[in-house]
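Welcome, and please open your viewer. We will go from stop to stop, selecting a few residues at a time and looking at what is there.

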Amino acid sequence: MSMSMSASALIKSGVSLLVALVALIPTWVFLLVKHFTQPEGFWQNFVVYGLGVWFLGSLQLIMAIGGIGVICSIIIVEKF
């Protein structure tokens with residue numbers, strides 16, 4: 001029974017790590033875009049950061065909701 005519990009904990013840790021990595025993909029995309037565009041001056045930085053906040057905010061909100069759903073489903077399945 002101890003192996004089963006440790007395997008379950010390992011699977012949960014793996015799923016949590018996978019969800020965290022997927023949730024951070026928009027951040028990596030934003031950083032790459034910012035690096036390659038190399039904005040100079042106030043207005044270019046303002047536009048890049050404005051689009052970044054919109055892009056990151058919307059995608060990470062969707063991924064956070066999905067991640068919470070996955071974690072809740074794991075907890076619910078384990079109880080039954």
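**Start with confidence**

Colour the protein chain by pLDDT: the mean is lowest in helix 1, at 78, and highest in helix 2 (residues 25-37), at 86. Keep in mind that this is a predicted model. Over the whole protein chain the mean pLDDT is 82, with 94% of the residues at 70 or more. Where pLDDT is low, the predicted coordinates should not be read in detail.

**Helix 3, end to end**

Next, select residues 42-79, which make up helix 3. This helix has 38 residues, and the span from its first C-alpha to its last is 53 Å, close to the 56 Å expected at 1.5 Å a residue. Which residues of helix 3 are buried? Show V48, G52, L56 and G67 to see them.

**An aromatic cluster**

Now bring up the side chains of F42, W43 and F46, which ring pairs link into a cluster. The whole structure holds four aromatic pairs. In one of them, the rings of F42 and W43 have centres 4.9 Å apart and planes at 75°, so this pair is edge-to-face. Are these two rings buried or exposed? F42 counts as exposed because its relative accessibility is 55%, and W43 counts as exposed too, at 61%.

Move on to W43 and F46: their ring centres are 5.7 Å apart and their planes stand at 80°, so they are also edge-to-face. Both residues belong to helix 3 and sit three residues apart, about one turn of the helix. An α-helix has 3.6 residues a turn, so residues three or four places apart point the same way.

**A nonpolar patch on the surface**

For the next stop, switch on the surface and select L17, L18, L21, V22, L24, I25, W28, V29 and V33. Together they form a nonpolar patch with about 760 Å² of accessible area. Which elements give two or more residues to the patch? They are helix 1 and helix 2. Click on V33, which lies in helix 2; this residue counts as partly exposed because its relative accessibility is 44%.

**Last stop: S13**

Finally, find S13 in helix 1 (residues 2-23). S13 is partly exposed, with a relative accessible area of 46%. Then draw a distance from the C-alpha of S13 to that of C72: the two residues are 59 residues apart along the chain, and these atoms are separated by 14 Å.

Key: Residues numbered from 1 in each chain as written. Heavy atoms only, no water. Helix = DSSP H or I, 4+ residues; strand = E, 2+ residues; numbered from the N terminus. Expected span 1.5 Å × (residues − 1). Buried < 20%, exposed > 50% of the residue type's maximum accessible area, 1.4 Å probe, protein only. pLDDT = per-residue confidence, 0-100. Phe/Tyr/Trp six-rings, centres within 6.5 Å; stacked < 30°, edge-to-face > 60°. Patch = residues over 30% accessible without salt bridge, like charges linked within 9 Å, V, L, I, M, F, W, Y side chains within 5 Å. Areas by Shrake-Rupley, 256 points an atom, 1.4 Å probe, with all protein chains shown as cover. Salt bridge = Lys/Arg side-chain N within 4 Å of Asp/Glu carboxyl O.
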